[in-house]
Amino acid sequence: MKAISLNSQKKRGVTRRVKRALVYLGVIIISLWAVFPLFWMVIISLKERIYTYDPSVWIFRPVIDNYITVFTEKNLSKFLINSAVVAIFTTILALIIGTIGAYGFSRFKFKYNQAFLFFLLGIRMIPSVAIVIPIFILARFLHVLDTRILLIITYLIFNVPFTVWMMKGFFDEIPKELEEAAMVDGCTRIQTLYKIILPVVQPGLVATSIFCIISSWNEFVYALFLTSIKSVTTPTIVQMFLSIQGVAWGEMCAVGTVSILPVLIFAMIVQKNMIRGLSFGAVKG
Amino acid sequence: MNIRSKGVPARGKAHLPFVAPTMIIMILLIGLPIVSVVLMSFTNYELAMPPDSLRWIGLRNYTKLLFGQNKLLYYSLGISIGMMIIATAFQMVIGFISASLLNQDIKFKALVIACLIVPIAITPSIASQVWKLMLNSEFGVVNYFLKKLFGFSVVWLDKDNALLSILLVNIWLMTPYVTLILYAGLRSLPQEPFESAMIDGASSAQTLVHITLPMLKPLILITLLFRSIDMLKMFDIPYVLTQGGPGNISEFIGLHIYRTGFGVTTLVGQASAISVLLILIVCAICLLLIRLMNTKD
């Protein structure tokens, strides 16, 4: 009897060890799978041109020729500056507009509270390609095509609803007593929001703005339709490499590496709030 | 999804100064394009046409699309909805499995999560371009590995495999999103039901079906909602990988709008009609999934 139970215990120990090995194997495969394209892009960007087409070359002397080319000949800095200007200004505007609205949604119960929130969620669902044509026509009519201000305003379409949902979540977490105390002390609601509440939700503001910056930086459809020469942003840079494929993969990868670097760093900063941002504020994470 | 307001009932119009500016701006920003796209869908508008030949043609764009000779709309809706279902299913299943793995007691968890954030943060159009290089049939690294390990290679972006390639990149790009959300969900589940299930001798499959999945249901449905709509919205990946080709094989609905209005033809009126149809379909799917969420609670 004892021998049997000992045997089964040993067996259970073995199966547990096998199970753990499988778990680690799975996790390693998933991690490699997730980072491999990034890794490959960096590799290609550092290869000399003659090795670009040979995936069997793994060990080579890295060169930065591709990076020099994209900054001198392909004018990458212009794209980066456009992207940065658009992302930063649309985020600032979205934060101002969205945070004030979110505070209202969080602190007051009124007739259309839920309907409005669902309306904002609905905007998140509308495919940008379905509304970009009228935006293009309107912009052409107003002579603002290919300007950064057009992109800044257009990006509010997805940034403001996101900010409202995110910040409403952060406001909901603040106990009401905090501001009631301030209001008893004679602060108006605006003063309370400005002096008491905003400092408390500062981490939320930072997380939300970083998410807005990332999604604006990566946005492709609006940028593709609404810009052509002056205000092109980095995601549409792939355009330049669609027609001449097979020629400049190294440069393409250099462009990709440079333009992905800032968002990757930003994303790592908001890791703690990543789940919240991904789910439109629905999951606290 | 916590939508109920915890706030105080607004006395009079106390909420208006906060809510009204946001709502007015958003209604203008989204209302203007939607009203114009609906109006334009009733016209014969073309990009390069002289302004005086603009005509109101009623429902003719719609009848041409729905009952005309060219069945491309149906094909493109078909592959879009097919891709939506298949890609979402893959993402949910792989995402759930990897979330369960992540939920185990493992070392270097932060590093694994950092790896998973890469596809989420990366610019999709640039990532697709890198995949295009990796999937190249002659000098792509994917075929290099396939040849080394299994002795065969695949022409990834030809007419037989274009859709498969797009599915593959889709799964790569979007699954980490599902993984991280479901991982957060798994982590937040209470421990007691699992402990009592273990005492009762439930198998892990039983625990999964009767405890884990029901408790995660709200979260799974929300993720499903976002994933499926995002699949319908997909534009960057096929645009970069195949541009809708070869022929029209991978002309998803978004690309169909683009090609009709700005690419192969410049029939903006007709492209607007497709846009209106797409918006209606998205609304229908949203309502369906939201109803599903509410009835099951």
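The following conversation goes through a predicted model, its chains, its domains and its nonpolar core.

Biologist: How should the names and the confidence limits be read?
Modeller: Residues are numbered from 1 along each chain as its sequence is written, while chains are lettered from A and ligands numbered from 1 in the order in which they are written. Because the model is predicted, local features need pLDDT of at least 70 and side-chain atom pairs count only at pLDDT 80 or more, whereas totals for chains, interfaces and linings use all residues.

Biologist: How many helices does chain B have?
Modeller: Helices (H or I, at least four residues) and strands (E, at least two) are DSSP runs, numbered from the N terminus. Read along the sequence, the pattern of chain B opens with β and continues with α. Beside one strand, the number of helices in chain B is twelve.

Biologist: What share of the residues of chain B count as buried?
Modeller: A residue is buried if 20 or more other C-beta atoms lie within 10 Å of its own, exposed if 12 or fewer, and partly exposed in between, with C-beta atoms placed from the backbone. Chain B has 297 residues, and the share that count as buried is 40%.

Biologist: Which helix of chain B gives the most to the side that touches chain A?
Modeller: Two residues are in contact if their C-beta atoms, placed from the backbone, lie within 7 Å, and by this rule 80 residues of chain B are in contact with 79 residues of chain A. The side of chain B that touches chain A divides into 61 nonpolar, 16 polar and three charged residues, where Ala, Val, Leu, Ile, Met, Phe, Trp, Tyr, Cys and Pro count as nonpolar, Asp, Glu, Lys and Arg as charged, and the others, Gly among them, as polar. With 15 residues, the helix that gives the most is H1 (residues 16-40).

Biologist: How far apart do the C-alpha centres of the two domains of chain A lie?
Modeller: Chain A is divided into domain 1 (2-63) and domain 2 (66-278), with bounds that come from an automatic or database domain assignment. Seven residues of domain 1 are in contact with seven residues of domain 2, and the C-alpha centres of these domains of chain A lie apart by 35 Å.

Biologist: Why does the largest nonpolar core lie between the domains of chain A?
Modeller: A nonpolar core is a set of buried Ala, Val, Leu, Ile, Met, Phe, Trp, Tyr and Cys residues joined through C-beta atoms within 7 Å. Of its 151 residues, Val132(A), Leu226(A), Leu180(B) and Ile181(B) touch the most other members. This core lies between the domains because residues are given to it by both domain 1 (2-63) and domain 2 (66-278) of chain A.
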